[in-house]
Amino acid sequence: MKQTISQPRASAARIPAINRFIGGLLKFPVAILTVSIAISTLAAPPAALLDDTNAAVRAVMAVQGEVTPDLMRQPEILGTAVGVDAASTPVLAIYVDRDSSNAAEVLRNLPKQFRGMSVQTHLTDKFRAMSVSHTAKQNPPIQLGTSGGWAYDLANGFCCGGTLGSLVKIGSTRYILSNYHVLESDIVSGGNNTTAQTGDPIIQPGLIDVSCNKNLAQTVGTLVKKSSLPGSNVDCAIAKVVSGMVRADGAILETGTISNTTVGAFINQAVKKSGRTTGLTHSSVSGLNATISVAYDNECAGGAAFTKTFTGQIMIANGGKNFLDSGDSGSLMVEDVSTKPHAVGLLFAGSSTDAIANPIGQVLTFLGATMVSGGPSWSDFDGDGKADISVFRNGSWYVLKSSNNMLVTRTFGVGTDRIAPADYDGDGKTDFAVYRNGFWYISQSSNGQLRTAQLGGSGDLPIPGDFDGDGKADIAVFHPSNGTWYYIKSSNGQKVAAQFGANGDVPLLGDFDGDGKSDLAVFRPATAYWFYRRSRDGQLRGIHFGISSDVPVPGDYDGDSVSDIAIFRPNTGVWYRLNSSDGALVSAQWGTKGDKPVPADYDGDGNTDLAIYRDATWYVRRSVDNSVLTKNFGLETDVHVPAAYLRQ
C-alpha cells in the first residue's frame, strides 16, 4: 500500500526576537515519503490475564491486606504489592529501603512465606514522585537519549533540535550518534550565514529547548562530518565526545547501558527508544525491507536540498505518534528488554501511523564503528565484549581469545610484578600492564606503545578504575596500612588522594551507584561489612554481608549496569549476592572447597558469570543460557587475570 509520511526532523521553534511565543511553536519541515511495504498485524494479547479478578492474584491480595499494616510500621518497609515469580506464579512482593542502615537485617528477618503465600523481596531506594526529563540540561557526564543538536541550527526565524541518541566507537575514540538531518544538514549559508563544518560544537540540550540561545546549553561534542546523505543508504551523523561530558559507558536515559553487539529486526519484534520529545516509548516492528523516498531541507526551516530514496528500512507501529514524534530523530531503537538491550535501528522518520529506522548494521558499517557498552574491561584483550580466559606466569601472559579461540602469548613484566590489566587507552581492549614498587608499565593496545608512570610505593595494591567516567582506566593504588586511595584522572592528569578504609580492609572495584564511575569501596573482613562512597553524591553506604573468610566478588550479575554486592565462600563453593536491581538475595552452588573464583562476563551478555578455577581447569556457568564452559588452561600456580583484583 502507499502512505504519505512526514519526516520528524529536528523540532523547530521561532527565534525569540521574531516571536516570543516560542513554547507554543513547533515546525515540521516538509518531507514527502512514499512507502511500499507490507504491514503485519500485531500479535493478539493472551487470553488469561493476571489481573485483580484472577483467583491466584486475589488470594495473594487477601494475605497482603492482612500483613501490610504491620509490615509498614517498620520504617525500612516501603510497601507491598502482588508480583510474580520466575514461573509467573503470583507472590507477595515486599519493598525494602536499600539506603536504611539495617536493610540486610530486615531482609534476613522477613519470612519466606505469609499464610502459605511466597514472599519476594525488592531492595530499592525511597519512592518519590518523579519524572525523567529528556529536554533538561544535565549535569555532565550526560546520559544520551536526550535533546541536542548543532549549536548554530537556527535560520529563517526558527531554531532546530533533535536527539543525541547513543554512543559509538571508531578505534579508541567515542562519538555521539544521531542523524545527518539533526547535526549536519545545513549546507547553505542562506538564513544564518554559515554551514555545518567539522569541529562545530554539538550541544545539550538542543536550541529548541533553550529558547534558541546556545549559551544556555553546554557543548558535549564536536561535529565530525561524514556526509552520509545523499550518497549512502543511512541518515546518520556523529560528534566526537568532549572529554568528561558524556558518560563513557554510553548510558541512555531510562534505558541504561546497552550491549556492544547488535541484532537484526524481525516482524512483531518488541522495541523501545529514548528520545527528546516522547521520552521512553515502546512499540513493535511492523514491517521490513521498506523502500521510501524522503525530501530534505538545506537548513533549518530552509528550502529543498535533495530527495533520497532509501531501501531495506525498518517500519515500526507509531499510532498517534506515541512511539516517535518531531524532535525524536536520532534516537536509537533497541530491543525491549530490561537489561543490556541490543541496538536494532537508528530512527529518522515517521508519521502518525508508522516510524522508520535505518538498520543499525548499515549505520555502523557506513561509519566503521561499533556500539559502546558499559562495564570494566579487565580481561577482554580482543575487544569482542567477552572476557578472555587468561593467566600470568613468571612475566609472561597467556591469553585464549574468545573471538577466535587463538592462543596469544606475550612477555611483559617479571615474576614478582603485580598484574594491573585494564583498558587504559579507551579502545575497548584490555592492555597488558604490571605494577612494580610504585612504577607502572602499560602496553597500550591501541598503538603498541609503552607507557610508564609512577604512583604508589612498595606494598601498595594496584586498583585501576574509571574514577572520572571518561571510559579509560585511571592509574590507582590502595595503601593498606591506612586505607588511603591515590589515583590519577586520565581525563585531565589530576592527582587525587582520598582516605577511605582502614588497616586490613580489602579494596574493591565497582560502580555501586550506576553513574558510570568507579566508587571508592572496601570490604572489612573483621566485621564482614561493605563500605562504599557513591561518586554521584558522595554519600557513604555500608552493609553487613558475608563472613570474615569470604572472598568479595563484586560484579554486575543481574545486568543492570550497577555492581552487586557478592561473596564466594571458599570452604563450600557457594556464591551469595544481593541483586542491585531488585534487592533479591541469590545463592548458587558453583564450586567446591579450595576452588578459586574467577568471575567475569565470558559470554558477552552484560552479566557477570559464575566461574571457578580448579586443577588447571576453568568452569564457567554462562548466564546467557545457563550452559557450562569447561576449559583446561594454565597451571595451578598461575595468576588468573579475570581475578586480578580479587584478594584471595
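Which residues is Leu 520 in contact with, leaving aside its neighbours within four places in sequence? In this predicted model, the contacts of Leu 520 outside that window are Phe 467, Trp 485, Tyr 487, Ala 498, Phe 500, Phe 531, Tyr 532 and Arg 533. Leu 520 also belongs to the largest nonpolar core, which comprises 37 residues. Together with Trp 397, Tyr 424, Trp 440, Ile 463, Ile 475 and Trp 485, Leu 520 ranks among the residues with the most contacts inside this core. Elements that supply two or more residues to the core are β24 (396-400), β27 (432-436), β28 (439-443), β31 (475-479), β32 (484-488), β33 (495-499) and β35 (520-524). Another core, of 35 residues, lies apart from it and includes Leu 223, Ala 343, Ile 360 and Met 371. In soluble globular proteins, nonpolar side chains tend to be buried together.

Strand β8 (residues 146-150) is largely enclosed by the rest of the structure, because five of its five residues are buried. β8 runs antiparallel to strand β10 (residues 158-164), to which three bridges join it; Thr 146 has Leu 164 as its bridge partner in β10. An antiparallel pairing over two bridges also links β8 with β13, where Ile 202 is the bridge partner of Trp 150.

Trp 150 is in turn one of the residues in contact with Asn 192, a residue of the loop between α3 (180-183) and β13 (201-204). With a relative accessible area of 18%, Asn 192 falls under the 20% limit and is therefore buried. A polar atom of the Asn 192 side chain lies 3.4 Å from the backbone oxygen of Tyr 152. Beyond four places in sequence, the contacts of Asn 192 also include Leu 154, Ala 155, Asp 186 and Glu 299.

Definitions and conventions. Residues are numbered from 1 along each chain as its sequence is written. This is a predicted model: local features need pLDDT of at least 70, side-chain atom pairs count only at pLDDT 80 or more; totals for chains, interfaces and linings use all residues. Side-chain values use heavy atoms; hydrogens and water are left out. Helices (H or I, at least four residues) and strands (E, at least two) are DSSP runs, numbered from the N terminus. Buried means under 20% relative accessible area, exposed over 50%, partly exposed in between (1.4 Å probe, protein chains only). A polar contact is a pair of N or O atoms within 3.5 Å; within protein, one must be able to donate a hydrogen and the other to accept it, and residues adjacent in sequence count only if both atoms are side-chain atoms. Contact means heavy atoms within 4.5 Å. Two strands pair if DSSP finds at least two bridges between them. A nonpolar core is a set of buried Ala, Val, Leu, Ile, Met, Phe, Trp, Tyr and Cys residues joined through side-chain atoms within 4.5 Å.
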